[in-house]
Each structure stands twice: as structure tokens, then as C-alpha cells.
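Subject: Structure for you to look at

Hello,

Here is the structure I promised to pass on, with my notes below it. Have a look at it in your viewer first, then read on.

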Amino acid sequence: MAPLTVDLQQSSEAASGSRQVGRETSPPTLLYLSQSDLVGLGAESSREYVDAVTEGLVLHARHKTVQPLKPYLRWPDAPHIADRIIAMPCYLGGERPVAGIKWVGSREANPRERGLPRASALIVLNDAYSNYPVAVMEGALISGMRTAAVTAVAAKHLAAPGFSSVACIGCGPIARMQLMTLLEQFPTIAQIHLYDFDTAAAETMKGNLEALRPGLRCTVSPDAREAVGEGELVVTCTTTDKPYIEYDWLRPGAFVSNVSIMDLHKEVYERADKVVVDDWEQSNREKKIIHQLVLEGRFSREKLHAELGQLLLGSRPGREGPDEIILLNAMGMAVDDLVCARRFYEMAVERSAGTKLPLF
Ligand SMILES: NC(=O)c1ccc[n+]([C@@H]2O[C@H](COP(=O)([O-])OP(=O)(O)OC[C@H]3O[C@@H](n4cnc5c(N)ncnc54)[C@H](O)[C@@H]3O)[C@@H](O)[C@H]2O)c1
């Protein structure tokens with residue numbers, strides 16, 4: 001693998017104070033990777049993400065990461081909960097250290113008013129020795145696919161073994177990536193139950209999935225309750241700010257990946273057999289649902305079953321019984337984004353993909 005540095009000689013010169021901007025024989029460059037560059041590297045398939053996210057979660061569990069709480073930038077004419085730009089920085093230690101940031105914008109009305117996806121993103125990777133930026137890449141694909149990989153990695157530990165039915169609430173791009181990843185990673189899936197309050201979105205998803213996987217049975221449910229009740233694995237991919245899923249809707253043995261975070265009533269957190277998060281600090285920060293529960297005395301660090309990385313390390317158990325109802329509340333970590341971005345950067349360097357841009 002190529003080192004995550006532009007030019008080691010420059011790094012050592014910089015460290016000794018002799019580096020002079022503009023006089024380098026090989027000035028630092030940036031590698032730019034568009035979404036189509038990433039697709040050319042295999043970024044539409046779940047395999048690289050599942051491996052990379054596993055690596056990132058293990059590094060995180062071993063405290064080899066630095067990940068400040070992410071600031072949410074909002075302004076007054078953007079009233080929806082999904083109207084914001086989030087800055088997500090982190091450092092990944094270990095054998096191939098790297099730092100960087102995902103800068104992810106979202107406007108709930110983009111699909112409706114602009115014909116654009118809700119979310120857009122850029123990822124910047126920095127060499128962890130010189131701290132120089134080495135790559136900039138389109139980030140929405142990586143962001144969506146890593147989110148799906150988190151569900152898949154968690155499902156290996158928390159879903160019923162051999163599960164065959166999935167319920168998906170919300171049928172936008174994030175749902176598509178969740179379902180494609182689950183189908184790639186779990187060949188036992190035979191039925192998918194879809195619900196979206198935009199019925200056309202659910203019908204389009206049904207058509208696409210059935211074309212992709214002949215023999216797969218997809219159903220568009222008349223309401224969220226019916227879909228949720230069918231799912232051994234339930235995944236939420238809406239933009240709601242109002243909880244609507246009740247504990248009693250879930251079937252015994254269900255695993256819920258609460259991707260869109262706001263969909264579950266608080267009682268689900270209280271009554272689930274196990275609640276797992278990706279990172280306790282990110283989940284228990286101001287205004288988030290777990291923090292509200294903590295303030296109300298209804299949840300605590302002690303009641304949390306595990307952080308996801310602990311399951312991968314084996315320091316906490318996954319599913320222990322067929323009827324357990326298990327909830328994953330993964331807020332989404334910069335670690336997930338950066339570990340995947342590093343993987344595609346390394347592949348791009350190896351294959352001379354992307355566009356080199358001068359930094360100066
Ligand atoms: N946890 C994470 O790491 C993570 C990462 C990325 C995205 N997300 C979240 O995933 C969600 C979906 O993203 P997207 O880009 O697909 O959004 P999108 O707006 O493109 O699609 C959302 C879909 O859900 C439907 N919907 C909205 N509210 C609904 C409701 N209450 N009931 C049924 N259907 C409903 C909409 O009609 C739409 O089809 C967002 O909330 C986003 O914040 C989470």
C-alpha cells in the first residue's frame with residue numbers, strides 16, 4: 001500500500017524548519033476522486049466497506065481513534081431537522097495513521113424542490129505526519145455505503161442467525177444502500193417489506209430490488225406498523241423528527257438498525273433486551289434521544305449493552321437468545337467515513353486513478 005504521505009522528504013524538511021513553500025522539487029499534490037472514480041474502484045459494492053468499517057470499529061474500541069463531537073451547522077431559513085451541514089473530523093491511529101474530515105450537507109427538500117439527493121458530502125484526507133491534505137473525494141456515496149456496512153456488521157452479531165425477512169421504513173437513497181448491502185451480505189434474505197409515505201418511492205424500490213434479485217419477494221406495506229411487524233431485521237431510513245415505532249410493533253427476535261435515529265418511541269430503548277450504540281459520547285450528547293432518556297432517568301451508560309466495536313473484540317456478547325429484541329442506535333461516526341475513504345485512496349494510488357491537483 002502507498003504511504004499516506006505526499007513526500008516523506010518534504011515532511012522531514014518541514015519538521016526541521018527548512019521547507020520552503022514554492023521551492024520544492026515535487027510540490028505537494030492533492031488526489032481528487034469524483035464519485036465515478038470511486039465507482040471505478042468498486043465503491044458501489046459492500047465488500048470493501050464491510051472490511052473497512054470492521055477495521056474502524058475495532059480501532060475505535062481499542063481507543064486508537066480521536067473523534068471530537070461533530071458540530072451541526074444550521075441557520076434560520078432551514079427549518080427541517082435534516083437541514084444542516086455537519087463537520088465530522090477524526091484521526092485513525094494504528095499501522096496506517098490518517099486524519100481527515102467529512103463535510104456533509106443535507107436539505108430535506110432537495111429531492112422535491114431541486115431534483116437532487118438530500119445529502120451531499122466531501123471527504124478530505126490528511127497525512128498524519130505532515131498534516132497536509134492528500135486527497136479530496138466525493139463523500140455521499142461513501143457516507144451512505146458505510147452506514148449500510150455498519151448495519152451489516154452489526155447484524156452479523158445481533159440479528160437472528162439465518163434471518164430471512166427485512167422491513168425497511170423510508171425508501172430513499174440510504175434505504176437503497178442499506179438493502180443492497182444486506183442482500184449482498186446475507187443470501188438468506190427472501191422477503192423485504194417496504195413502507196414509505198411516498199408510495200411511489202416504495203413501489204420504485206420494490207421494482208428495482210426484484211429486478212436485481214429474481215425470486216426475492218418484496219411487498220409494499222400499507223403502513224409502517226405492518227412492515228415493522230414482518231421484519232426480523234428492521235431498518236429505519238426516513239427523515240422524520242417524530243417517533244412513531246412502538247415496542248409492541250416489533251416481533252420477538254427482531255434486530256432494529258435505527259439509521260434515521262428519530263423513528264423509535266423512547267419506550268423501545270427502555271424495553272429492548274439490548275441497546276447497542278456505535279459511540280456512547282456521540283449518542284449521549286445534547287438533544288439526542290439517548291441523552292433525553294438519560295436526563296429523564298430512563299437510561300444510562302450502565303443500561304447500555306455495548307458499543308458496537310466491543311462486540312467485534314468479543315469483550316461483550318452479541319445476540320444470546322432467539323427472542324431478544326435488540327436495538328442498534330448508530331449515530332454514524334467520522335471513523336466509519338475515514339476508514340473507508342482511506343481504503344479507496346490507497347486503491348486509487350495503487351491504480352493511478354483520480355485526478356492530481358496542485359496544492360500551490
Ligand atoms: N445514522 C447514520 O449514520 C446515517 C447516515 C446517513 C444518513 N442517515 C439518515 O438516513 C435518513 C435517510 O436518508 P436519505 O438520504 O435516504 O433521505 P431522503 O430524504 O432522500 O429519503 C427519505 C425517504 O423517507 C421517506 N419518509 C420520510 N419520513 C417518513 C416517515 N415518517 N414514514 C415513512 N417514510 C418517510 C421519504 O418519503 C423519502 O422517500 C436521513 O434521516 C439521514 O439523516 C443516517
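A word on naming before anything else: helices and strands here are DSSP runs, with helices (H or I) having at least four residues and strands (E) at least two, and they are numbered from the N terminus. With those names, H63 sits in the loop between α3 and β2.

Please keep in mind that this is a predicted model. The average pLDDT of the protein is 93, and 92% of the residues score at least 70. Residues 1-25 have a pLDDT below 50, and beyond near neighbours in sequence this stretch makes 32 contacts in the model. Where pLDDT is low, the predicted coordinates should not be read in detail.

**The helix before that loop**

Helix α3 covers residues 46-61, 16 residues in total. From its first C-alpha to its last it reaches 22 Å, close to the 22 Å expected at 1.5 Å a residue. Is α3 mostly covered or mostly open? It is mostly covered, with 12 of its 16 residues buried. Among the buried ones are S46, E48, Y49, V50 and H60. What do they pack against? The partners of the buried residues are the strands β2 (65-66) and β4 (84-92), together with the helices α5 (140-158), α6 (173-185), α12 (308-313) and α13 (334-351).

**Two residues with positive phi**

Most residues other than glycine have a negative phi. H63, just after α3, takes a positive phi of about 60 degrees. H63 is exposed because its relative accessible area is 71%, and exposed means over 50%.

S352 also deserves a look: its phi is positive, about 55 degrees, although it is not a glycine. You will find S352 in the loop between α13 and β16 (355-358). Its relative accessibility is 66%, so S352 counts as exposed.

**Around the ligand**

This may be the part you open first. Two of the helices that α3 packs against, α5 and α6, each supply at least two residues of the shell around the ligand. Which residues come nearest to the ligand? Of the 22 residues around it, they are R146, D196, T238, V259 and A330.

Backbone atoms make several polar approaches to the ligand:

- T238: a backbone N or O atom lies 2.6 Å from an oxygen atom of the ligand.
- I174: a polar backbone atom is 3.0 Å from an oxygen atom of the ligand.
- A330: a backbone N or O atom lies 3.0 Å from a nitrogen atom of the ligand.

On its own the ligand has 870 Å² of accessible area, and the protein covers 86% of that.

**T188, in the loop after α6**

T188 is placed in the loop between α6 and β9 (191-195). With a relative accessibility of 41%, T188 counts as partly exposed, because the value falls between the 20% limit for buried and the 50% limit for exposed. Which residues does T188 touch, leaving aside its neighbours within four places in sequence? They are G162, F163 and S164. With F163 there is a polar contact as well: the side chain of T188 reaches the backbone oxygen of F163 at 2.7 Å. P161 is 27 residues from T188 along the chain, and their C-alpha atoms are separated by 9.5 Å.

Happy to talk any of this through whenever suits you.

Best wishes

How values were computed: Residues are numbered from 1 along each chain as its sequence is written. This is a predicted model: local features need pLDDT of at least 70, side-chain atom pairs count only at pLDDT 80 or more; totals for chains, interfaces and linings use all residues. Side-chain values use heavy atoms; hydrogens and water are left out. The expected span of a helix is 1.5 Å times one less than its number of residues. Buried means under 20% relative accessible area, exposed over 50%, partly exposed in between (1.4 Å probe, protein chains only). Contact means heavy atoms within 4.5 Å. pLDDT is the predictor's confidence in each residue, from 0 to 100. A residue is near a molecule or strand if one of its heavy atoms lies within 4 Å of it. A polar contact is a pair of N or O atoms within 3.5 Å; within protein, one must be able to donate a hydrogen and the other to accept it, and residues adjacent in sequence count only if both atoms are side-chain atoms. Accessible areas come from the Shrake-Rupley method with a 1.4 Å probe; for residues, only the protein chains shown count as cover.
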